[in-house]
Amino acid sequence: MKKWELKSYRAGPNDRWGDPSTMWQKVDRNTGKTDWEEIEEIAKEGWELVSVTACGENAHYILYTFKKPIEDIETEGNRG
């Protein structure tokens, strides 16, 4: 059976209601990166995007959920 590790990233807040373009423009003062740059990094680490959900008051945040396979110990032990 395949097992998955899950990870989420919350982007935002969007300055204008429903305008996701800020993810390419707004730089986080703590990381020095835009939301898009953060998401690209997660993808480069092998995480697969599985869902995108608007959340928070007036949908000012976007929650990205990712998954990455975990090696199944039982399956690994039965190989070769």
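Strand 1 and strand 3 pair in the antiparallel sense over nine bridges, and that pairing is a good way into these exercises. The model is predicted, so to speak of local features a pLDDT of at least 70 is needed, side-chain atom pairs count only at pLDDT 80 or more, and totals for chains, interfaces and linings use all residues. Residues are numbered from 1 along each chain as its sequence is written, and side-chain values use heavy atoms, with hydrogens and water left out.

**Exercise 1. Work out the order of the elements and the strand order of the sheet.**

Step 1. Start with the inventory: the chain has three helices and three strands. Helices (H or I, at least four residues) and strands (E, at least two) are DSSP runs, numbered from the N terminus.

Step 2. Walk along from the N terminus and you read β-α-α-β-β-α.

Step 3. Now the pairing. Two strands pair if DSSP finds at least two bridges between them. Strand 2 is joined to strand 3 (residues 61-70) by seven bridges, and the two run antiparallel. Strand 1 and strand 3 have nine bridges, also antiparallel.

Step 4. Put together, that's an open sheet of three strands in the order 1-3-2. Strand 1 (3-11) and strand 2 (48-55) are the edges, each pairing on one side only. On average, neighbouring strands are turned by 20° against each other, direction ignored.

**Exercise 2. Find the partners that strand 3 residues have across the sheet.**

Step 1. On the strand 1 side, K7 stands opposite F66.

Step 2. On the strand 2 side, E48 stands opposite K67, and A54 has I62 as its bridge partner.

Step 3. Take T65, which lies in strand 3. T65 has 18% relative accessibility and counts as buried (buried means under 20% relative accessible area, exposed over 50%, partly exposed in between, with a 1.4 Å probe and protein chains only). Not counting residues up to four places away in sequence, T65 touches K7, S8, E48, L49, V50 and S51, where contact means heavy atoms within 4.5 Å. T65 and Y9 are 56 residues apart in sequence, yet 6.5 Å apart in space, C-alpha to C-alpha.

**Exercise 3. Pin down the largest nonpolar core and say which elements supply it.**

Step 1. A nonpolar core is a set of buried Ala, Val, Leu, Ile, Met, Phe, Trp, Tyr and Cys residues joined through side-chain atoms within 4.5 Å.

Step 2. The largest one holds nine residues: Y9, A11, M23, I39, I42, W47, I62, Y64 and F66.

Step 3. Strand 1, helix 2 and strand 3 each give two or more residues, with strand 3 giving the most, three.

Step 4. Check the packing. Helix 2 lies across strand 1 and strand 3, running at about 170° to strand 1 (axes are lines fitted to C-alpha atoms, for helices over the stretch in contact, and angles run from 0 to 180 degrees between N-to-C directions). Beyond its neighbours within four places in sequence, F66 is in contact with residues including Y9, I39, I42 and W47.

**Exercise 4. Classify the aromatic pair.**

Step 1. A search of the whole structure finds one. Rings of Phe, Tyr and Trp (its six-membered ring) pair if their centres lie within 6.5 Å; planes under 30 degrees apart count as stacked, over 60 as edge-to-face and the rest as tilted.

Step 2. For W24 and W36 the centres are 5.6 Å apart and the planes sit at 40°, so this pair is tilted.

Step 3. The pair links distant parts of the chain: W24 is in helix 1 (residues 22-25) and W36 in helix 2 (residues 35-44), 12 residues apart. W36, at 33% relative accessibility, counts as partly exposed.

**Exercise 5. Locate the charges that lie over ring faces.**

Step 1. The test: NZ of Lys or CZ of Arg is within 6 Å of the ring centre and within 35 degrees of the ring normal.

Step 2. R10 lies over the face of Y61, at 4.0 Å from the ring centre, and K67 over the face of W4, at 3.9 Å.

Step 3. Look at R10's setting. R10 is found in strand 1 and counts as exposed at 51% relative accessibility. Leaving aside neighbours within four places in sequence, R10 is in contact with Y61, I62 and L63.
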